[in-house]
Amino acid sequence: MPKDTDYLQWIKSRFKGDNPKSSIDIVVAFLLSEAKQHTFPIKLSAVAKVIGIDPRPIYLDQMYDGSLVTKEGKIRIALQLNYRNNYRFSQRLRFTYAHELIHCLSYDLTNIPNTRIAPPPEKLEEEYLCNYGAAKLILPKKILTNIFGDEGNNYFGSSYSEKFKNIAAKADCSISTVVIDCITSGLISAIPNTIYILSLTSGGYQNTSKVKPRCVISILFDSNGNKKNFLAPNKGLEHIKLKDDKLKDWSLLRFHKDIAKEYMEVKNEFLLDMLDINSSCVSGVHVKLNDKGYVWSELRFHN
Ligand SMILES: [Zn+2]
């Protein structure tokens with residue numbers, strides 16, 4: 001393994017974790033406990049107070065969703081003015097606010113002016129870690145483990161989709177944040193020969209490409225139960241190739257096409273899609289999660 005960069009070394013030694021992510025886990029758990037936040041939805045302003053910054057965001061017409069600005073020597077969180085008071089962006093701004101809270105941990109806030117004490121990051125490593133920390137602040141591991149502990153590891157026959165919807169509503173965050181966090185934290189049981197896909201009809205990364213059904217996150221559990229990425233995020237679902245005519249019933253593209261008119265006009269023609277999986281039958285579900293176009297799929301392959 002390559003040696004951690006100066007920034008990641010600093011994160012580890014400051015928050016005493018074995019690796020950068022576990023260091024963020026430790027500091028996030030500390031912040032939530034000090035802020036007395038043990039239930040959904042997490043009050044991020046209480047976390048901001050514990051960190052030592054003024055919790056009131058400043059709204060700016062800026063290039064990014066969020067940034068840190070200095071006002072009278074003190075760090076403040078600046079959010080995108082154009083998203084203010086727009087319910088469609090409220091969860092996005094909430095995630096951004098949490099992301100900026102993690103950036104604040106790189107500063108000494110006890111002296112005026114507040115100064116950065118962390119070494120400069122390399123590439124996007126600080127951004128990834130802030131996204132990781134933001135998800136952990138909004139979806140604390142303790143609360144999620146309680147929810148998923150209820151049913152143990154026995155998944156089959158009961159879909160996760162309702163659970164995702166409920167968690168997102170209670171935690172006040174997007175369904176994709178919930179699904180990505182549950183999958184990456186290993187809270188979804190590893191049923192062998194199963195694919196979980198969250199997909200959405202969208203314009204890709206930051207809405208810069210063609211509007212079409214795309215993968216948000218997908219995980220394939222192989223016959224040994226090992227986790228593998230199945231499709232890259234933001235990839236169009238036409239990249240899924242089917243081998244067998246019988247599998248067409250499980251075409252996710254067709255499912256998107258059938259429900260598309262309910263929530264979004266999809267302009268392009270859909271290609272014939274298929275799953276490039278060597279098996280003879282599939283069982284499972286495609287479920288429409290909400291009116292924003294999210295679809296949750298749980299597909300099981302039988303040889
Ligand atoms: Zn950032």
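**Questions on a predicted model**

Student: Is aspartate 172 buried, exposed or partly exposed?
Tutor: This is a predicted model, so we read computed values only. Aspartate 172 has 15 other C-beta atoms within 10 Å. Buried needs 20 or more, and exposed means 12 or fewer. The count of 15 therefore makes aspartate 172 partly exposed.

Student: What is the phi of aspartate 172?
Tutor: Place the residue before reading the angle. Aspartate 172 sits in the loop between α7 (161–171) and α8 (175–184). This residue is not a glycine, yet its phi is positive, at about 55°.

Student: Which residue in the loop between α8 and β6 has a C-beta count of 18?
Tutor: That loop comes just before β6 (194–202) and holds asparagine 193. Its phi is positive too, near 60°, and it is not a glycine. Having 18 C-beta neighbours inside 10 Å, it counts as partly exposed; the residue is asparagine 193.

Student: At what angle do α7 and α8 pack?
Tutor: Start with the residues that meet. Phe164, Lys165, Ile167 and Ala168 of α7 touch Ile175, Val178 and Val179 of α8. This contact has six nonpolar residues, no polar ones and one charged. The crossing is right-handed, the axes are 8 Å apart, and the angle is about 115°.

Student: How far apart are the axes of α2 and α5?
Tutor: On α2, the contact uses Pro20, Lys21, Ile24, Asp25 and Val28; on α5, it uses Leu129, Tyr132, Gly133, Lys136 and Leu137. These divide into six nonpolar, one polar and three charged. The helices cross in a right-handed way. They pack at about 40°, and their axes are apart by 10 Å.

Student: Which strands stand at the edges of the three-stranded sheet?
Tutor: The sheet is open and mixed, with strand order β1-β3-β2. β1 (58–60) and β2 (66–71) each have a single partner strand, so one side of each lacks a neighbour in the sheet. On average, neighbouring strands are turned by 45° against each other, direction ignored. The edge strands are β1 and β2.

Student: Which residue of β3 stands opposite threonine 70?
Tutor: β2 pairs with β3 (residues 74–80) over six bridges, in the antiparallel sense. Threonine 70 lies opposite a β3 residue, isoleucine 75.

Student: Which helix packs on this sheet and touches β2 and β3?
Tutor: The helix covers residues 90–104. Its direction makes about 55° with that of β2. The helix is α4.

Student: What span should α4 have?
Tutor: α4 has 15 residues, at 1.5 Å a residue. The expected span uses one less than the number of residues. The end C-alpha atoms of α4 agree with the expected span, which is 21 Å.

Student: What covers the buried residues of α4?
Tutor: The buried residues include Arg94, Phe95, Tyr97, Leu101 and Ile102. Charged Glu100 is also among them. The cover includes α3, β2, β3, α5 (125–138) and α8.

Student: What is the omega of the cis bond before proline 41?
Tutor: Proline 41 is in the loop between α2 (20–34) and α3 (44–51). A cis peptide bond links it to phenylalanine 40, with omega about -10°.

Student: Which proline shares a cis peptide bond with isoleucine 112?
Tutor: Look in the loop between β4 (107–108) and β5 (115–116). Omega of the bond is about -5°, and the partner of isoleucine 112 is proline 113.

Definitions and conventions. Residues are numbered from 1 along each chain as its sequence is written. This is a predicted model: local features need pLDDT of at least 70, side-chain atom pairs count only at pLDDT 80 or more; totals for chains, interfaces and linings use all residues. Two strands pair if DSSP finds at least two bridges between them. Helices (H or I, at least four residues) and strands (E, at least two) are DSSP runs, numbered from the N terminus. Axes are lines fitted to C-alpha atoms, for helices over the stretch in contact, and angles run from 0 to 180 degrees between N-to-C directions. Two residues are in contact if their C-beta atoms, placed from the backbone, lie within 7 Å. A crossing is left-handed if the near helix is turned anticlockwise from the far one by less than a right angle, and right-handed if clockwise.
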